[in-house]
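Please open the model in your viewer and keep the selection panel at hand. The stops below are given in the order in which they can be selected.

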Amino acid sequence: MFIDDMYTAQRIIKDKIIPKELLLTSACYLKQCKGLRPPGGIWIHITGTDLVRHNDGNFYVLEDNLRCPSGISYVLQNRTIQKRTFPQAFEAMKVRPVSDYGDHLYDTLRYIAPKGSPNRPNIIVLTPGIYNSAYYEHTFLAQQMGVTLAEGSDLVVADDHVWLRTTRGLQKVDVIYRRIDDDFLDPKEFRKDSLLGVPGIMDCYRKGNVTLANAPGTGIADDKAVYAYVPQIIKYYLGEEAIIPNVPTYVCWDKKQCDHVLKNLKSLVVKAVNLSGGYGMLIGPQSTAAQRKEFAALIKKNPRDYIAQPTLSLSRTPTLTSKSIEGRHVDFRPYILYGESIFVLPGGLTRVALTKGSLVVNSSQGGGSKDTWVLEDMTPKAELQSA
């Protein structure tokens with residue numbers, strides 16, 4: 001609802017729920033998406049929301065991933081390995097399956113195909129190519145769904161449609177699960193030097209001849225500065241309180257909050273609003289004076305580009321190290337699909353910081369992952385009936 005409003009009426013700005021300057025200066029706000037209406041009004045088809053548990057026992061939303069959330073291949077492969085290693089445990093514990101994620105993803109993408117598409121629309125996974133860090137996942141998901149994996153050079157726009165080059169000629173493409181950032185999607189609309197996207201694909205999308213998942217422009221909702229206002233966004237559109245709270249967040253765009261951050265860098269976690277993967281981040285308690293000085297200069301130069309949060313004491317899980325079993329900090333990323341209905345995978349990606357004492361769980365920073373079990377309701381039927 002927020003994304004749709006941002007690219008249409010912008011009621012949330014007019015009603016002064018979030019400062020206009022904060023939203024319209026976001027690098028993730030795409031003017032090219034103004035007036036867009038995705039099929040079914042669905043902007044975010046695949047969501048990965050990061051959750052953490054603090055030492056107060058409560059769960060918090062750490063951040064939202066609404067553009068190209070990754071990591072699901074680790075979930076599926078971890079489960080495959082665990083089931084082979086501990087088959088008796090899975091049977092005894094009645095662990096809910098995650099192996100049907102590919103089927104649910106395919107059904108989601110099929111549902112959002114343009115009007116007039118065949119019952120089995122031509123769906124492809126669009127990848128930046130073999131040098132992308134998540135290329136394995138792109139190939140894995142294409143294989144799981146039984147669809148084509150394609151690069152930008154495999155596609156061409158003609159007659160207001162997107163076509164896939166094949167050995168049997170051109171095939172019309174109906175749905176594209178894109179794993180390419182907005183900036184590289186269409187050199188005619190965004191970065192002109194992009195060799196990863198497809199020239200003219202945005203025009204086909206506007207005309208309703210191809211569907212992109214997730215929709216371009218969704219990044220405005222996972223901008224880390226906008227994150228600070230999510231409770232107000234929920235209250236504004238739904239009239240409800242957020243079920244899971246945010247981590248308290250200081251927006252450096254606000255001068256008073258920025259001054260507080262600069263005075264307390266040693267105790268805060270500072271994040272660049274448009275970076276991910278653990279990049280552009282300062283963990284105050286583990287930082288050096290030189291690092292804090294560097295970040296202070298960056299914040300003063302571009303305060304809009306930074307937020308800060310208290311250093312959370314992330315929960316830990318037993319982890320096998322080279323010497324023994326020790327506690328390591330973790331977070332959790334469930335995956336949500338939105339097509340004809342909303343599906344939440346009964347499992348998810350538990351990311352673990354393999355370095356002792358580290359709070360950075362990202363795989364790009366040396367983190368690992370663990371299989372996560374959601375159990376069937378094991379209450380006997382007789383007890384359920386009496387209840």
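Begin by selecting strand 11 (residues 268–272) together with strand 12, two strands of this predicted model that run antiparallel and are joined by 3 bridges. Within this pair, V270 has L282 of strand 12 as its bridge partner. Widening the selection to the whole sheet brings in 4 strands, which form an open sheet with antiparallel pairing in the order 10-13-11-12. Strand 10 (250–251) and strand 12 (281–283) are the edge strands, and each has a single partner strand, so one side of each is left without a neighbour in the sheet.

Next, add helix 12 to the view, and follow how helix 12 lies across strand 11, strand 12 and strand 13 (306–310), running at about 135° to strand 12.

Keep helix 12 (residues 289–301) selected and add helix 11 (residues 255–263): the axes of the two helices come within 10 Å and cross at roughly 170°. That angle is over 145 degrees, which makes helix 11 roughly antiparallel to helix 12. To see where they touch, show the side chains of C258, V261 and L262 in helix 11, which meet A296, I299 and K300 in helix 12. By class, this contact of helix 11 with helix 12 comprises 5 nonpolar residues and 1 charged residue, with no polar ones.

For a second helix pair, select helix 6 (residues 101–111) and helix 7 (residues 135–145), whose axes come within 8 Å and cross at roughly 80°. Helix 6 and helix 7 are therefore roughly perpendicular to each other. On the helix 6 side, display Y101, G102, L105, Y106 and L109, which meet L141, Q144 and M145 in helix 7. The contact of helix 6 with helix 7 divides into 6 nonpolar and 2 polar residues, and no charged residues take part.

Now move to another sheet, where 3 strands form an open arrangement in the order 5-6-7 with antiparallel pairing. Strand 5 (155–158) and strand 7 (169–172) stand at the edges, and because each has a single partner strand, one side of each is left without a neighbour in the sheet. From one strand to the next, the twist averages 40°.

Look first at strand 5 and strand 6, which run antiparallel and are joined by 4 bridges; here V157 has V162 in strand 6 as its bridge partner. These two strands form a hairpin with 2 residues between them, and D159, in the turn, has a positive phi of about 55°. On the other side of the pairing, strand 6 (residues 161–166) is joined to strand 7 by 4 bridges, again with the strands running antiparallel, and L164 has Q171 of strand 7 as its bridge partner.

For the last stop, which residues lie nearest the centre of the second largest pocket? Select I44, D64, V230, I234 and L238, which hold that position among the 33 residues of the lining. The volume of this second largest pocket is about 1300 Å³. Elements that give two or more residues to its lining are helix 1 (2–6), strand 1 (46–53), strand 2 (59–65), helix 10 (230–238) and strand 16 (335–338), and of these helix 10 gives the most, with 6 residues. Colouring the lining of the second largest pocket by class separates 24 nonpolar residues from 5 polar and 4 charged ones.

Notes: Residues numbered from 1 in each chain as written. Predicted model: local features only at pLDDT ≥ 70, side-chain atom pairs only at ≥ 80, totals over all residues. Heavy atoms only, no water. 1 Å grid on protein atoms, 1.4 Å probe; cavity = no way out; pocket = protein on both sides within 12 Å on 5 of 7 lines; lining within 4 Å. Points joined across faces, edges and corners; volume = space filled by probe spheres on them. Nonpolar A, V, L, I, M, F, W, Y, C, P; charged D, E, K, R; others polar. Pairing = 2+ DSSP bridges. Axes fitted to C-alpha atoms, helices over the stretch in contact; angles between N-to-C directions. Parallel < 35°, antiparallel > 145°, perpendicular 65-115°, else oblique. Contact = heavy atoms within 4.5 Å.
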